[in-house]
Amino acid sequence: MKEIGWMTLKKGASIGLHKHAFNEDAYIIISGEGIFTDGTGKETVVRAGSITIARPGQSHALRNEKDEPLVFLDIIAQNDTYKANHPETNKK
């Protein structure tokens with residue numbers, strides 16, 4: 001594990017579209033409702049119990065359009081196997 005964060009997005013707040021070169025990023029939704037955007041631009045509604053994951057190099061985003069806060073765990077894992085098998089990404 002690289003990082004685990006207890007996160008809250010209030011109405012209108014978001015984690016903008018981004019990607020991690022070597023990390024895997026998972027969101028575990030605790031409460032509220034949000035919109036997860038994957039690397040293809042597909043948007044999916046997420047609620048309590050939903051789990052999302054973005055592999056190294058995959059874009060992802062999360063936003064809250066509801067009045068209720070969106071509470072989730074953000075779990076980031078360093079993927080050393082990916083890094084070792086994709087040396088071209090070391091240049092980024």
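Let's start at threonine 37, which is in contact with Leu17, Lys42, Glu43, Ser59, His60, Ala61 and Arg63, once its neighbours within four places in sequence are set aside. Keep in mind as you look around that this is a predicted model. Threonine 37 sits in strand β4. Is this residue buried or exposed? Its relative accessible area is 12%, and buried means under 20%, so threonine 37 counts as buried.

One of those contacts is also a partner in a strand pairing: across in β7, the bridge partner of threonine 37 is alanine 61. The two strands involved are β4, covering residues 33-37, and β7, covering residues 60-63; they run antiparallel and are joined by 3 bridges. As background, strands of a sheet pair through backbone hydrogen bonds, in either a parallel or an antiparallel way.

Now zoom out a little. Which strands make up the sheet around this pairing? There are 4 of them, in the order β2-β7-β4-β5, forming an open sheet with antiparallel pairing. At the edges you'll find β2 (14-18) and β5 (43-47), each of which pairs on one side only. From one strand to the next, the twist averages 25 degrees.

Next stop is histidine 60, another residue on the contact list of threonine 37. Histidine 60 is found in strand β7, and it counts as buried because its relative accessibility is just 1%. What does its side chain meet in there? It makes a polar contact with the side chain of aspartate 25, at 3.0 Å. Histidine 60 has plenty of other company too: if you ignore residues up to four places away in sequence, it touches Gly16, Leu17, His18, Lys19, His20, Asp25, Tyr27, Phe36, Thr37 and Ala54.

Two names on that list, Tyr27 and Phe36, take us to the aromatic residues. How many aromatic pairs does a search of the whole structure find? The count is 2. In one of them, tyrosine 27 and phenylalanine 36 meet edge-to-face, with 6.1 Å from centre to centre and 80 degrees between the planes. Both of these residues are buried. In another, tyrosine 27 meets phenylalanine 72, again edge-to-face, at 5.3 Å centre to centre with 70 degrees between the planes. This pair links distant parts of the chain: tyrosine 27 belongs to strand β3 (residues 23-31) and phenylalanine 72 to strand β8 (residues 70-78), and they are 45 residues apart.

Put together, Tyr27, Phe36 and Phe72 form one aromatic cluster. Tyrosine 27 counts as buried because its relative accessibility is 1%, and phenylalanine 72 has a relative accessible area of 0%, so it is buried as well.

Let's follow phenylalanine 72 into its strand. β8 is mostly covered, with 7 of its 9 residues buried. Which strands does β8 pair with? Strand β1 (residues 3-9) pairs with it in the antiparallel sense over 7 bridges, and in this pairing methionine 7 stands opposite phenylalanine 72. β3 also runs antiparallel to β8, and 8 bridges join the two. Here asparagine 23 stands opposite glutamine 78.

Alanine 26 gives another view of how β3 and its surroundings fit together. Alanine 26 lies in strand β3, and with 14% relative accessibility it counts as buried, because the cut-off is under 20%. Beyond its neighbours within four places in sequence, it is in contact with Thr52, Ile53, Leu73, Asp74 and Ile75. Take isoleucine 75: it is 49 residues from alanine 26 in sequence, yet the C-alpha atoms of the two are 5.1 Å apart in space.

Finally, step back to the whole protein. It has 1 helix and 8 strands, and along the sequence these follow the pattern β-β-β-β-β-β-β-β-α. What share of the contacts with a separation of 6 or more comes from residues 24 or more positions apart? That share is 72%, and the link between tyrosine 27 and phenylalanine 72, 45 residues apart, is one you have already visited. Of the 92 residues, 36% are buried. The accessible surface comes to about 5,600 Å², and carbon and sulfur atoms account for 52% of it.

How values were computed. Residues are numbered from 1 along each chain as its sequence is written. Side-chain values use heavy atoms; hydrogens and water are left out. Buried means under 20% relative accessible area, exposed over 50%, partly exposed in between (1.4 Å probe, protein chains only). Contact means heavy atoms within 4.5 Å. Accessible areas come from the Shrake-Rupley method with a 1.4 Å probe; for residues, only the protein chains shown count as cover. Two strands pair if DSSP finds at least two bridges between them. Axes are lines fitted to C-alpha atoms, for helices over the stretch in contact, and angles run from 0 to 180 degrees between N-to-C directions. A polar contact is a pair of N or O atoms within 3.5 Å; within protein, one must be able to donate a hydrogen and the other to accept it, and residues adjacent in sequence count only if both atoms are side-chain atoms. Rings of Phe, Tyr and Trp (its six-membered ring) pair if their centres lie within 6.5 Å; planes under 30 degrees apart count as stacked, over 60 as edge-to-face and the rest as tilted.
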